[in-house]
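Student: I have a protein model open in front of me and I would like to learn how to read it. Could we go through it together?

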Amino acid sequence: MTGPAADPFEQVAPRYGGGSLADILPSALAVLGVPGAADLLGLGPRLAGVRRIAVLLVDGLGWYQIPTAAPYAPTLAGLAATVGAPLTSGFPSTTPTSLVTLGTGTPSGAHGVLGFKVRVPGTDRVLSHIDWAGDPEPLRWQPVPTWYERARAAGVAVTVVSRPEYGGSGLTLAANRGGDYRGASDVDELAGQLLTALAAGAGPALVSGYHPDLDRHGHLSGVDSVPWRLAAAEVDRLLARLVDGLPPDAALLVTADHGQLNVPDDHRIDLDTDPRLRAGVRVVAGEPRVRYLHVEPGAAADVVAAWSTVLDGAARVMTRDEAVATGWFGPVPEEHLRRIGDVVVVCRGTYAVVATRSELPIESRLVAYHGADTAAEMTIPLLVVRG
């Protein structure tokens with residue numbers, strides 16, 4: 001694994017196959033002896049003798065946010081300095097995509113959850129993956145088996161711990177199917193459920209945990225706001241309890257789905273108030289840092305030209321084929337291609353493309369965003385702690 005980029009706004013490519021979020025579960029399960037799992041991250045020497053592994057994903061805890069959190073999260077800062085290394089998320093660097101990338105061990109092109117919101121091919125419907133109640137059917141929309149399923153088939157006890165309200169959702173089925181689901185409403189319940197699952201039984205165990213609050217407060221109030229600092233302190237309390245309670249034959253892997261960037265008001269471009277940005281566009285999906293534009297027949301070249309002119313360097317504007325050719329998504333099978341826009345807009349710096357009229361008002365009023373390929377959004381931690 002290489003070190004992070006020096007510039008938080010530098011473009012970062014996903015390091016699939018040896019330095020990304022997709023590589024965590026295959027590497028962990030190789031340590032547990034699951035057939036077909038490859039230790040792509042080289043965890044074996046550090047985890048020799050480990051039979052139980054907890055993987056905790058802290059939403060929004062990018063590698064670049066750890067120094068900002070350090071004054072309020074000394075345990076986190078200490079772990080990052082002593083047992084931490086940077087990985088990359090997949091692309092886009094957004095929660096639904098990353099959760100499924102973690103669960104399946106594949107890039108987004110393979111599993112098909114290609115953004116926060118995507119157009120359902122053949123319709124004008126935009127699916128929000130975080131409000132996905134089961135239509136489209138999750139096992140058809142996301143067909144790749146999860147590593148939780150593979151681990152269970154190999155005799156590993158598998159538990160998933162997350163918020164009670166997420167149980168049974170389309171996203172949970174896409175990302176976490178194969179694990180026994182347990183609800184945890186706060187950090188204390190989350191720590192307790194993770195430690196209980198790790199200690200249960202005598203055989204190998206994989207326990208997955210998810211904590212959303214740091215990301216939520218970053219979105220609503222901004223990175224390094226008072227609510228964000230309090231959320232960082234809660235993360236620290238969670239980590240301290242987990243580290244103290246690890247069984248001797250267990251390990252804890254801590255990671256994230258993405259980082260975040262505060263977006264100033266004067267860096268928000270409103271696609272709903274500029275007719276040049278609406279011309280030729282039929283459906284808008286994605287999110288403010290990565291937009292997918294589905295255009296009228298024959299309009300792609302004109303839309304690329306108009307958006308390139310209006311955004312004037314604030315984003316890269318390209319066709320679907322050009323975006324796929326970058327390798328961001330990994331290989332994309334034919335059945336998933338049309339979930340990506342005919343035109344893809346990836347913001348640079350701290351710019352975002354909001355939609356004040358056609359999307360929920362809160363989506364344009366958030367303080368921090370993510371999704372693009374800057375180092376601040378794409379670089380995530382991997383902390384490896386032994387019991």
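**Reading strands, domains and a pocket**

Tutor: Gladly! Let's begin with one pair of residues: G84 stands opposite L383 in β17. Keep in mind that this is a predicted model.

Student: Which strand pairs with β17 over 5 bridges, and in what sense?

Tutor: That is strand β2, residues 84-88, and the pairing is antiparallel.

Student: Which strand pairs with β17 over 4 bridges?

Tutor: Strand β8, residues 250-255, again in the antiparallel sense. Look at L383 once more: V254 stands opposite this residue too.

Student: How many residues of strand β17 are buried?

Tutor: A residue counts as buried when its relative accessible area is under 20%. In strand β17, residues 379-386, 7 of the 8 residues are buried, so the strand is largely enclosed by the rest of the structure.

Student: What about a loop residue such as S89: is S89 buried or exposed?

Tutor: S89 is found in the loop between β2 and α4. With a relative accessible area of 0%, S89 is buried. To see what surrounds it, set aside its neighbours within four places in sequence: S89 is then in contact with P14, L21, S98, D257, E377, M378 and I380.

Student: Let's zoom out. Which domains does the domain assignment give?

Tutor: The assignment gives domain 1 (21-113 + 131-262 + 374-386) and domain 2 (265-369). Notice that domain 1 is written as several stretches of the chain.

Student: How far apart are the C-alpha centres of the domains, and how many residues are in contact?

Tutor: The C-alpha centres of domain 1 and domain 2 lie 29 Å apart. As for contacts, 23 residues of domain 1 touch 20 residues of domain 2, where contact means heavy atoms within 4.5 Å.

Student: And what is the volume of the largest pocket?

Tutor: Its volume is about 1000 Å³. The lining has 41 residues, and the closest to the pocket's centre are T95, F116, I130, Y166 and D215. Several elements give two or more residues to this lining, among them α4 (95-104), β7 (205-211) and β11 (281-287).

Student: Where does the largest pocket lie relative to the domains?

Tutor: Check who supplies the lining: domain 1 and domain 2 both give residues to it, so the largest pocket lies between them.

Student: What kinds of residues make up that lining?

Tutor: The lining divides into 19 nonpolar, 13 polar and 9 charged residues. Try finding T95 and D215 on your screen, as both are among the residues closest to the centre of the largest pocket.

Methods: Residues are numbered from 1 along each chain as its sequence is written. This is a predicted model: local features need pLDDT of at least 70, side-chain atom pairs count only at pLDDT 80 or more; totals for chains, interfaces and linings use all residues. Side-chain values use heavy atoms; hydrogens and water are left out. On a 1 Å grid over the protein atoms alone, a cavity is a set of points where a 1.4 Å probe fits but cannot get out, and a pocket is an open set with protein on both sides within 12 Å along at least five of seven lines; lining residues have an atom within 4 Å of a point. Grid points are joined across faces, edges and corners, and a volume is the space filled by probe spheres set on the points. Ala, Val, Leu, Ile, Met, Phe, Trp, Tyr, Cys and Pro count as nonpolar, Asp, Glu, Lys and Arg as charged, and the others, Gly among them, as polar. Domain bounds come from an automatic or database domain assignment. Buried means under 20% relative accessible area, exposed over 50%, partly exposed in between (1.4 Å probe, protein chains only). Two strands pair if DSSP finds at least two bridges between them.
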